[in-house]
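Trainee: I would like a close look at a single part of this model. Please take one residue and then work outward to what lies around it.

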Amino acid sequence: MTDRTHTTMESHPDILEMRERHERAERAASTQQGQAVEAMAMLTGLYLAASPWIAGFNGLTTLTVNNLITGIAYALLLSGFGHAYERTHARAWAAVVLGAWTVIAPWAVAGEVDTTRTIVNNVIVGAIALVLALAAAMAAGDTDRGGRGRSTRMAHDMTR
């Protein structure tokens, strides 16, 4: 038979690093920058989803469906960004791809949908989505990298 020892969270070898990362994520999520990026990204995604009806090109079925799906996906990817700031790095980069796709969609989707109205709408909304997603990705990356430094490991080793 094997002897199992039950350990508590307090004896976890990486407890200091985990606490520091959690505190940093909480501070980042409560900043005005984090909350602003999340709110503007949500509005951008919702506008993108509704843009065929707002800008008046809902007769172009392929681009209408594309914008609806892309807008909903973008809003979902960056919603809750402030609440899970540290864990959203990959989601933010996926939103960057959706922002870039929005810019090129009028030329890439099937059919003759590259009208002046669709191009102006998608380029502006796509550029805004791209900038917001890049801001989210950079902020999430900064938060994620911050707790893995040498000083954290040294502090952990000193407590042993």
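Mentor: What follows starts at one residue and then turns to the cores and a bent helix. This is a predicted model, in which local features need pLDDT of at least 70, side-chain atom pairs count only at pLDDT 80 or more, and totals for chains, interfaces and linings use all residues. Residues are numbered from 1 along each chain as its sequence is written, and side-chain values use heavy atoms, with hydrogens and water left out.

N122 is found in helix α5, residues 116-146 (helices are DSSP runs of H or I, at least four residues, numbered from the N terminus). N122 is buried, with a relative accessible area of 0% (buried means under 20%, with a 1.4 Å probe and protein chains only). Leaving aside neighbours within four places in sequence, N122 is in contact (heavy atoms within 4.5 Å) with F57, L63, N67, T102, V103, A105 and P106.

The largest nonpolar core has 14 residues, and A133 and A136 are among those with the most contacts inside it (such a core is a set of buried Ala, Val, Leu, Ile, Met, Phe, Trp, Tyr and Cys residues joined through side-chain atoms within 4.5 Å). Helix α5 gives the most to this core, with five residues. A second, separate core of six residues includes A55, F57, L63 and V109.

A55 is also one of the buried residues of α2. Just after α2, G56 takes a positive phi of about 85°.

Key
Helix = DSSP H or I, 4+ residues; strand = E, 2+ residues; numbered from the N terminus. Buried < 20%, exposed > 50% of the residue type's maximum accessible area, 1.4 Å probe, protein only.
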